[in-house]
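Let's walk through this one together, a question at a time. Take a look at the model first.

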Amino acid sequence: MKALRRLACLTAGLAVCHPALAQLQGRNVTDILNGLRAEGLIFIYNTQIVPDDLKVTREPQATRGIEVARQILAEHDLAVSEAAPRVYAVVRDPRARQRITTQPSPSGETEPAEEIVVQTSRYTLAVDTATPKDFLTQDQVQAMPRLGDETLRAMQRLPGVATNGVSSLGSVRGGEPKEAAIVLNGLRLYEPFHLKNFNSPISLLDSRIIDSIEYYSGGFAAPFGDRMSAIIDATSILPLQRYYEVGLSFFHFNALAATPFAGGRGHALLSARRSNIGDLAQFSEQDFGEPNYADGFAHTDYQLNDATRVSLDVLVSGDQFNAKRHQGTQRVKTKYQNLYSWLTLNHDWTDNASTNVIASFTDLDNRRRGQVNEPGLRRGEVWDDRSFHIAGLRLENSLRTGAIEHRFGGEVRRLWGDYDYRLDLMQASNVPFPGSPPLQTSRATSASPGGYENSAYWDSQTTLSSRWTIEAGLRVDLQTYDGTGDDEQWSPRFSALYTLSPRTKFRASWGRFFQSQGINELQVEDGVDQFYPAQHADHTIVSVEHLLDVGLDIRVEAYRKQYRHVSPRFENVFDPLALFPEAEFDRIRIDPDSARAEGVEILLQMRPRNSWSGWLSYTWAQVDDRIGGADVARGWDQRHALTLGVTWASGPWTATLVNSFHSGWPTTQLAVTSQAGGGPTMDLSARNSTRFDNYNSLDIRVTRTFLLSRGALDVFAEVTNALSRKNPCCVEYTIAQNEDGTPNYVREVNSWLPPVPSLGVLWRY
């Protein structure tokens, strides 16, 4: 009879045993865990820990999902530990009962105790349980429509992020995308993107290996430095049990294997991913080239003794793309190879003191060849070879002394690199404007910078009373490879938390954030052969959070970023999709005296209720450069942004709909003036004075989980820009003649992505 009952649970899609449809108290725990498989959850355990006759002793307050398992297991001093996305190992844990029952929620229910979070602008993504500081749970991230299964697209749903729908990382609160640092298991990653010369649509953070992400859109603490806008701190999954995955979609083929060893003292994880886009390109109506890329991640860790653990991580990637535009008159061939390897040693001296040491080596190799051949108009070539090497040693310490928690440490990086760049371009008469003289441009740069990046920090947090918690820190950074003669960059940080009630919290932060020009960021393609001095921005942020009785959480945050010593940057005024931008006529240098970004963000989250969860966010913002005494909007300035997300999950089905809207970004109308003693030139006095039409994208993803005799099979269908919205991105001009013989510049606006469908399957065992 027991076998028949289990078979009924597996075949009836939880019609017999779904936790929300029947009383659980008194039933077998194994039946409940097996029944939850229909929601795509896999539980790994042995009969000694979970015997067949183990009963549910108390009716859980949760009605579905992983929280049901947590609550029924906690009564037996058991807990679940995530071995892989939606795969959980049942382990012994005497603290499980205490965590489930110690802290009441505002609604009177019980939930895990929450750590004290002082910083503003912090969000947690991709975790296996929801607490008030979380934005998206692990299941919600996996169910979210994400073009190319890109992990970072989940953060584009957050308030304050300006995105074009193609790039995997957008502008955060007015900053350039390169103002965000991406950290994996404690190591900062340099250039962690595939196709990085083509809007960086895919990052190296494969969604299948990520367990959690701490995301800071400002106001981050002193341990993080050398970036001015955002921190993306990702942690990979910890493979506690043997586990396998194989997946196939329009975008990728991926595989993953994990296993414990040495009696559970060690764990190993290996994953690999290959792009399918190049294979599908032959079926496209437009011949845009063949993008191919692949990456792999390996992790192993070993418990040396009760206090010491060592781990080794390796992340590798390779890209090759032969891109074409304008019927093949423009061609670019790129090849990238990245290697990140790091060894981590963690030791707990006492319950109140620990040390973490990370030794790392990074190797980056970039090669680019470009060619333009427009007969009678222009002809040119680009050779661009770059390689960089970074060896680092980072020391992190934590110490609790009485009521004060300290974090302190430092880092030393040895960096060296090579640039070998050459551009040869010949333009005929009347290019780009009628009356333009013939032009020949030759540019060559060879540089081998080398030196050190040094940093140190101290950060302390203390609870002054039941209402006040204060965190303060100081950071110092120094670079020796840039040749600018900069002094040390001192960065004070301060945050305060005031708890008005269990439902209402106020936070405030102020800090100074420096950003040096990385050794890999020398702008040789634009004729720059010296590093710029470090930039800095002062952040001032205030926020309030309130938990409403109706199952909603609201968060309101206001910020201002004041930029000083802003480095010059180069942009293409009309077409950001140029294959080699430095060869285009609309390439200009922007050199602000300062800049300012400010805004107000509102985030409303619906706590999971039955089968539904979701969120709604609104942002009002503006970002301007101060140039020659005038304020000029940055190209990604969006005054209004609205995002709505809704997830429905029932049994084996999950569906998520996300609609993203923002007001049109600034653009420039072409104006040509005659220059005394020379040919015509662009008039940029009204740069970014008009705007594109508004942007809107409706994205949908539906997933169905099928139970197999071995494991589970997830089948998904997804559409990006399902309404086929023509979101403007860029402008091209053609020249015609008016009746009087004067030139007429005809403007054509092109769009970002058309509807992009995707299908995929994932087998998990």
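Q: In which strand does Val246 lie?
A: Strands here are DSSP runs of E with at least two residues, numbered from the N terminus. This is a predicted model, where local features need pLDDT of at least 70, side-chain atom pairs count only at pLDDT 80 or more, and totals for chains, interfaces and linings use all residues. Residues are numbered from 1 along each chain as its sequence is written, and side-chain values use heavy atoms, leaving out hydrogens and water. Val246 has its place in residues 243-249, which is strand 16.

Q: Is Val246 buried or exposed, or partly exposed?
A: Buried means under 20% relative accessible area, exposed means over 50%, and partly exposed is in between (1.4 Å probe, protein chains only). Val246 has 37% relative accessibility, so the class is partly exposed.

Q: About how much accessible area does the nonpolar surface patch with Val246 have together?
A: Patch residues have over 30% relative accessible area and no salt bridge; nonpolar side chains (Val, Leu, Ile, Met, Phe, Trp, Tyr) are joined within 5 Å, and like charges within 9 Å. Areas come from the Shrake-Rupley method with a 1.4 Å probe, and for residues only the protein chains shown count as cover. Val246 is joined by Leu248, Phe253, Phe706, Leu708, Val715 and Val761, and together they have about 520 Å².

Q: Which strand gives the most to the largest nonpolar core?
A: A nonpolar core is a set of buried Ala, Val, Leu, Ile, Met, Phe, Trp, Tyr and Cys residues joined through side-chain atoms within 4.5 Å. The largest has 72 residues, and Leu125, Leu184 and Tyr215 have the most contacts inside it. With five residues, the top contributor is strand 24 (residues 404-427).

Q: How many residues apart in sequence are the parts that Asp714 and Arg764 tie together?
A: Their side chains meet in a salt bridge at 2.8 Å, N to O; the rule asks for a side-chain nitrogen of Lys or Arg within 4 Å of a carboxyl oxygen of Asp or Glu. Arg764 counts as buried because its relative accessibility is 0%. Asp714 is in strand 44 (residues 712-720) and Arg764 in strand 47 (residues 756-764), so the separation is 50 residues.

Q: Which residues are linked in a network of salt bridges?
A: Asp384 and Arg368 form a salt bridge, with their closest N and O atoms 2.9 Å apart. Both Asp384 and Arg368 are buried. The network links Arg368, Asp384, Arg386, Glu525 and Glu582.

Note on methods: Helix = DSSP H or I, 4+ residues; strand = E, 2+ residues; numbered from the N terminus.
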